[in-house]
Structures are given as C-alpha cells and as structure tokens.
Amino acid sequence: MNKTAEEAGTLAKAAASVQAGHESKIAATNVSVFYGEKQALFDVSIDIPARQVMAFIGPSGCGKSTFLRCINRMNDTIDICRVTGTIEIDGADIYDPKIDPVLLRARVGMVFQKPNPFPKSIYDNIAYGPRIHGVAKNGSAMDEIVETSLSRAGLWKEVKDRLNEPGTGLSGGQQQRLCIARAIAVNPDVILMDEPCSALDPIATAKVEELIDELRQHYTIVIVTHSMQQAARVSQKAAFFHLGNLIEVDETEKVFTNPTDKRTQDYITGRFG
Amino acid sequence: MSDTTSQSGKAKVRAWYEPDAKLSRRHSADKRLRAYGIAAIIFALSMLATLVGTIAITAAPAVTQTMVTLEVEVPEGAVDPSDPRGGSYQRILNDSIMRIFPEVDTPREKRELRKLFSNGGQYALRDKVVDDPSLIGRTFDVTFPLADIGDQLHKGVIDRNLPPDYRRVSDMQIGWYDRLVEQGRISAPLNWGMIFNADSRFPELAGLWGALVGSFYALLICFFVSFPVGISAAVYLEEFAPKNRLTDLIEVNINNLAAVPSIVFGLLGLAVFLNFFGMPRSAPIVGGLVLSLMTLPTIIIATRAALKAVPPSIREAAIGVGASRMQTVGHHVLPLAMPGIMTGTIIGLAQALGETAPLLLIGMNAFITAAPDSMFNPSTALPTQIYIWADSPERGFTSRTSAAIIVLLGFLVCMNAIAIYMRKRFERRW
C-alpha cells in the first residue's frame with residue numbers, strides 16, 4: 001500500500017542479500033574495447049556479484065553488449081577488436097594468455113538476442129556442449145544431463161516426448177529456453193544474456209524472465225536489456241552505460257528510483273535513448 | 001440544379017478510382033516489358049530446340065547399326081585349337097562371303113565386294129571361336145557389321161538413285177547388298193557398339209567406351225583433387241584468414257582464375273605436368289589435373305558463398321558453448337554449407353566434363369583404339385572424341401558425332417539435374 005515503505009522493504013532485502021555473502025564473481029578493471037581505431041568502451045570497472053542478476057541498461061550503441069561479450073571473450077572472433085584492462089572471474093584474469101577461451105566459454109555460457117538453436121534435434125542441441133567438452137559420452141549419463149538441463153530451463157515437460165525432433169521446429173520462446181538449456185548443459189558458473197527476450201512475445205518473455213529468476217539460485221547472470229521494465233523485474237543490480245562509459249552501477253531499486261547521475265535519471269525517465 | 005452541378009462536377013473532377021493517361025502509360029509499359037521478357041524466353045527456347053533438334057535428327061541414323069549374318073565354316077586345321085587366337089579368320093570369312101557370291105571372281109570385284117563388309121567381321125568370328133573352340137570344324141552363323149557404305153545404304157543416307165560417280169557405292173555393290181537383303185541376312189539392331197566399343201578408324205566399329213572411361217577417370221581425378229583442395233582453401237579464406245591486403249589479392253585472383261580461358265590451363269598443364277614433371281601424354285591423370293585447375297576456382301567460389309550463407313548466429317552458438325573454431329566449422333558450418341558446396345562441385349565437374357581445349361593440348365585427342373586400363377594409359381575423353389569424329393571424313397562419323405554429342409549432353413543434363421535437385425532438397429531457410 002504504502003509505496004515508500006514497500007521500496008524500503010525491498011531495498012532492505014537487497015542489502016541483506018548483499019550482506020548474506022554475495023561475493024564478487026566477476027571483477028572488471030579499466031576495461032577498454034577498441035574496434036580498429038574506434039574506441040567503443042572506456043575504462044569500465046565493475047564488480048558483478050555471484051548468484052544474482054545484473055542488468056546492463058543503456059541506449060543503443062552504449063557499449064553494454066560489447067562489454068558483455070568481453071566476459072566470455074566472444075569479441076575474440078572479431079579480427080579488429082582489441083580489449084585492454086583486466087576481467088577476473090574468481091580471481092583469474094580471463095585475458096591471461098594461459099587461459100583457453102574454449103574453457104572460459106564452458107564456464108561462462110551465453111544466450112543470444114535471437115534464439116539460435118543448432119539445426120539438429122533437441123537432444124543434440126543440449127548434448128553438443130557436454131560432448132565436445134568430454135563431460136559425458138552418449139548414453140545414460142548424457143540423457144541425464146539433457147533432462148536436467150531442459151528441466152532447469154523449464155522446457156522438459158514440453159519437449160520430453162519429442163527430443164529427436166529438430167530444435168528449430170519449436171516456438172520462439174521455446175527455442176530461447178532451449179538455448180538457455182544448452183548453455184546450462186556445460187555446467188557454467190556465469191550465464192550472459194544478450195537481450196534474450198527482444199525477439200519474443202510478451203508471454204514467452206514472461207516465461208524466460210521467470211526462468212532467469214529461478215536460475216539465479218545456481219548461476220551468476222548478466223543480462224543486457226533494452227527494456228527497463230525487464231531490468232526492474234529480473235535484476236538485483238543494474239549498470240547504466242552511456243556512450244561507452246559505465247555511468248552508474250547500484251542496486252536495481254536504487255538505480256530506478258534514486259539514480260545519482262543526471263544521465264541515468266534522464267534515460268530511465270525516457271528523456272533520451 | 002443538382003443535376004447541372006453533378007454533371008459539371010463529373011466533367012471537371014475525376015473520381016479517385018478513374019485512371020488517368022499517365023497511369024495507363026505506366027501499365028502499358030509494364031505490359032510491354034513483360035512481352036519483351038516472354039519474347040526473349042521464346043527466342044532462347046526455340047534456339048535451344050533448334051540446336052537439340054538438329055543434333056537429334058543428325059544422330060538418328062546412329063541409333064541402329066546394320067549387321068549382316070553369314071554362315072561361316074571354320075575348317076578343321078584352319079585354326080589351331082590350342083591357340084584359337086592365331087587363326088587366319090580374314091581368309092575364312094572371305095571364303096564364306098565368296099560362297100554367297102560365287103560369280104565374283106576378278107580380284108578387282110573381290111576387293112569391291114569385300115568393301116561392303118566391315119573389317120570387324122574377322123574379330124567377331126575370332127571372338128566366337130575363342131569363346132567356344134568346339135566350333136572349329138563346324139558351320140555356324142556369325143553376325144557382324146556391314147561396312148560404312150553398306151550401313152549408309154541401308155539407312156538411305158546414300159541415295160542409290162544418284163549417278164554412280166556421285167555416290168560412294170558402285171552399282172555392283174548395290175546389287176550385292178540387295179541380294180543380301182533378299183536372303184534375309186541384313187538386320188539393324190540397336191547400336192550398342194556405339195557405347196561399348198572403343199574408337200576405330202571404321203565408323204561402323206567406332207564407339208565411345210574409351211572416351212567414357214577416359215572422361216570418368218579424368219573427372220575422378222578432378223574431383224579428388226579439386227574438392228578437398230577447394231574446400232580447404234575456401235574454409236581457410238572464409239573462416240580463418242585475416243582480412244588484409246594479401247587475402248584481398250588472393251580473393252581477386254581466384255575470381256580472375258575462374259575467367260581464364262581454358263586453353264591457357266591446357267598450356268599450363270602441357271608445360272608443368274608433361275614437360276616438367278614428365279607425366280604420360282594423353283593420360284586421364286593429366287587431363288584430370290588440368291581440369292581440376294579449372295574446377296578449383298568454381299568450387300572455391302561456390303564453397304565461400306555457401307559458407308557465407310550459414311548465419312553467423314550458428315557460429316556464435318557453437319563458440320558460445322565452448323566449441324573451438326575448428327569444431328565450429330567442422331561440426332556446424334561445413335555440414336550446413338555442404339549442399340551448396342556439392343551443388344557448386346557438380347556444376348564445376350559438369351563444366352570440366354564438357355571442356356575440350358585443355359585436353360587437346362595435353363594430347364587427349366589421340367587416336368586410341370582401346371579403353372584405358374588405368375588413369376595412366378593414353379585415352380580420349382568425351383568432348384575430344386567428338387572433336388576427333390567431327391574431323392573424320394566418313395559418312396558414318398557424321399551421325400556418330402551427333403550421337404556422341406547427345407551422350408555428352410545427356411551426362412551434363414543429368415549432372416545439372418542432380419545439382420538442382422540437391423539445392424531444392426537440402427535448401428534451408430533461416
């Protein structure tokens with residue numbers, strides 16, 4: 001009833017959860033990204049806490065996706081892209097030459113904007129990751145991984161009778177949850193989501209959001225979103241990016257109700273972006 | 001009053017749905033354009049129909065081969081049963097022919113008569129005796145081709161009403177031929193020899209088998225060289241190579257390579273494979289290597305296009321679950337691109353099958369009367385065989401040339417049909 005009281009209550013809860021030991025999972029220090037001569041990201045430093053949902057918000061082209069893709073070195077695939085600064089996951093710098101990006105990406109899963117299941121069966125979509133990482137061979141161990149992953153992604157009941165049908169035959173929302181299940185299957189610590197609901201209808205979006213909320217018990221989730229309502233609904237912490245700079249990062253409640261920076265304020269009230 | 005206003009309104013203001021002159025001009029321009037298109041297609045189709053029709057009409061006589069059946073007596077002692085290959089079958093056959101035409105006795109007439117029968121008769125007889133030596137000392141029927149003049153006479157290609165000086169058959173030969181017809185010795189079965197014989201100087205014996213085998217070996221070599229090399233090159237350029245001036249240069253040159261006239265590849269093959277590496281002349285292996293030089297750019301370009309058509313989201317998905325670049329390409333991108341690659345490869349091979357100029361330069365237009373045992377033996381190929389036959393003066397080769405063209409076209413149409421089928425069957429929409 002009383003709005004401020006309610007807010008105060010959730011804020012207190014969030015603060016409590018921080019105190020309850022949400023240690024930092026990812027620590028980025030002075031991360032800059034260059035595409036050729038052009039600098040896309042300027043000295044971003046941020047701590048991302050474990051087992052929470054961190055939302056990156058900001059207008060298009062602000063660098064939030066670029067930064068997200070630094071966290072699993074997805075930018076490595078772009079020739080002209082150069083990253084400076086350090087990003088540590090559990091204390092290890094992921095840009096250290098000793099780190100193999102293949103192993104990194106097994107620990108840091110990714111879900112993309114457009115659902116992109118492999119044009120293979122639902123089963124093989126899930127089994128592919130564990131198979132290449134040698135987690136399990138085909139057989140009962142693999143069946144178990146497939147079932148757990150699909151269950152965690154809330155898809156098991158819908159697809160358990162048609163595991164051999166192509167993943168591309170599912171609806172958009174199911175495809176996206178299949179992609180989430182595929183990311184879960186390699187048993188990551190962190191799941192990066194790059195606007196996971198932008199290609200989905202509201203009902204599918206609601207399901208994915210619900211799923212994100214459940215997943216945060218097990219995984220650290222970083223989500224890039226254009227929808228501020230979505231950021232408010234699913235995240236505990238929010239980071240606002242603008243023109244390649246990290247402007248503000250705080251509890252989601254605080255960012256949305258009481259931002260410190262004028263630009264954040266302008267963005268969330270819809271004055272630009 | 002309302003009447004007048006409505007009438008004057010009609011005259012001045014046009015309703016929105018009434019077309020004006022400009023609109024009808026636009027529509028008629030549309031119609032004209034469509035008519036031009038249809039006319040162009042009709043023109044092209046009629047040209048194609050004329051081409052194929054002419055070839056088919058010319059080839060029609062080659063569908064059958066005029067054969068003659070003679071009773072031949074192989075006397076005991078004429079052939080050694082322990083070595084049936086060594087017999088003098090020419091004489092045995094001549095004796096049998098003379099028994100039918102006892103009135104022919106001057107050497108000149110005998111020569112004339114002999115010209116009516118194919119030189120292949122003795123081999124047909126020999127093969128029969130070799131297969132079954134118990135025939136020695138018995139009389140039995142042997143069927144073998146008439147010589148070209150007899151064949152053409154039977155098919156009506158040679159007009160017997162022309163004055164003798166204007167035709168290649170003498171009156172005497174026509175008389176003998178008519179006698180053979182009367183005796184029911186002439187038949188015209190389907191011309192399987194055309195497919196299963198190797199080349200010969202005599203049109204009635206000449207066939208495509210050597211050329212078919214040669215083309216098959218050459219295409220096999222071409223495929224096994226250009227397919228893996230082409231795919232590797234395309235995958236490297238498309239998926240791994242850094243984008244810089246060097247790769248740009250390579251790309252431009254590959255596209256240029258596809259436009260190089262084929263005879264230049266022939267010269268290259270002659271200089272490199274024959275003169276430098278000393279590979280055998282006229283051999284399908286060299287032909288295949290030269291053709292693979294030509295097919296490579298086609299396959300590389302087709303493969304790159306097919307790889308480009310695989311959406312980047314699939315690559316991201318694979319990399320996102322921790323696949324290495326090689327795994328991404330090997331497990332996902334390449335399989336998805338494979339239908340496109342196969343289509344391009346088949347079209348490239350079809351081009352190679354019809355290519356003549358480079359094969360002429362490396363000597364695959366030699367006169368070779370046996371199909372090659374291996375890809376290192378001299379041989380011809382389908383298009384060079386057509387070239388050789390087209391160059392031969394005998395009437396029989398005219399129809400055989402066209403028939404060979406139809407065989408070649410048949411293979412090309414089949415290969416292209418497979419390519420189209422694969423494209424339709426495996427086409428993927430994203």
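1. B:Arg126 is partly exposed in this predicted model, where its relative accessible area comes to 23%. Its salt-bridge partner is B:Asp127, with 3.6 Å from N to O between the two side chains. B:Asp127 is likewise partly exposed, at a relative accessible area of 37%, and because the partly exposed class runs from 20% to 50%, neither residue of this pair counts as buried.

2. A second salt bridge in chain B joins B:Glu238 to B:Lys308, and here the closest N and O atoms lie 3.8 Å apart. This pair links distant parts of the chain, since B:Glu238 sits in helix α9 (residues 209–240) of chain B and B:Lys308 in helix α12 (residues 284–309) of chain B, with the two positions 70 residues apart. B:Lys308 is exposed, its relative accessible area being 53%, a value that falls in the exposed class because it is over 50%.

3. In chain A, the salt bridge between A:Arg107 and A:Asp189 brings its closest N and O atoms to 1.9 Å, a value that a reader may wish to look at in the coordinates. The two residues are 82 residues apart and belong to distant parts of the chain, A:Arg107 being in helix α3 of chain A and A:Asp189 in the loop between α7 (172–185) and β7 (190–194) of chain A. Both are partly exposed, A:Arg107 with a relative accessible area of 39% and A:Asp189 with one of 23%. The pair also belongs to a network of salt bridges in which A:Lys25 and A:Asp90 take part as well. Over all chains, the structure holds 26 salt bridges.

4. Turning to the interface of the two chains, 21 residues of chain A are in contact with 20 residues of chain B. Between them chain A and chain B bury about 1,700 Å², and carbon and sulfur atoms account for 62% of that area. Of the part buried by chain A against chain B, 29% comes from A:Phe118, A:Pro119 and A:Tyr128, which is more than any other three residues supply.

5. How many salt bridges does the rule find across the interface of chain A and chain B? There is 1, formed by A:Arg69 with B:Glu316, whose closest N and O atoms are 2.3 Å apart. The rule also finds 5 residue pairs in polar contact across this interface, both residues of each pair being at pLDDT 80 or more. On the side of chain A that touches chain B, α3 (101–107), β6 (108–111) and α4 (122–132) of chain A each supply at least two residues, and the residues of that side divide into 11 nonpolar, 5 polar and 5 charged.

6. Chain B itself is divided into domain 1 (20–62), domain 2 (66–189) and domain 3 (209–426). The centres of domain 1 and domain 3 of chain B, taken over C-alpha atoms, are separated by 32 Å, and 6 residues of domain 1 are in contact with 7 residues of domain 3. These two domains bury about 530 Å² between them, with 85% of the area given by carbon and sulfur atoms. B:Ile55, B:Thr58 and B:Ala62 supply 69% of what domain 1 buries against domain 3, more than any other three residues.

7. Across the interface of domain 1 and domain 3 of chain B the rule finds 0 salt bridges and 0 residue pairs in polar contact, counting pairs with both residues at pLDDT 80 or more. The residues of domain 1 on the side that touches domain 3 divide into 5 nonpolar, 1 polar and no charged.

Notes: Residues are numbered from 1 along each chain as its sequence is written. Chains are lettered from A and ligands numbered from 1 in the order in which they are written. Side-chain values use heavy atoms; hydrogens and water are left out. Contact means heavy atoms within 4.5 Å. Buried area is the accessible area (1.4 Å probe) that two parts lose on being put together, summed over both. A salt bridge is a side-chain nitrogen of Lys or Arg within 4 Å of a carboxyl oxygen of Asp or Glu. A polar contact is a pair of N or O atoms within 3.5 Å; within protein, one must be able to donate a hydrogen and the other to accept it, and residues adjacent in sequence count only if both atoms are side-chain atoms. Helices (H or I, at least four residues) and strands (E, at least two) are DSSP runs, numbered from the N terminus. Ala, Val, Leu, Ile, Met, Phe, Trp, Tyr, Cys and Pro count as nonpolar, Asp, Glu, Lys and Arg as charged, and the others, Gly among them, as polar. Domain bounds come from an automatic or database domain assignment. Buried means under 20% relative accessible area, exposed over 50%, partly exposed in between (1.4 Å probe, protein chains only).
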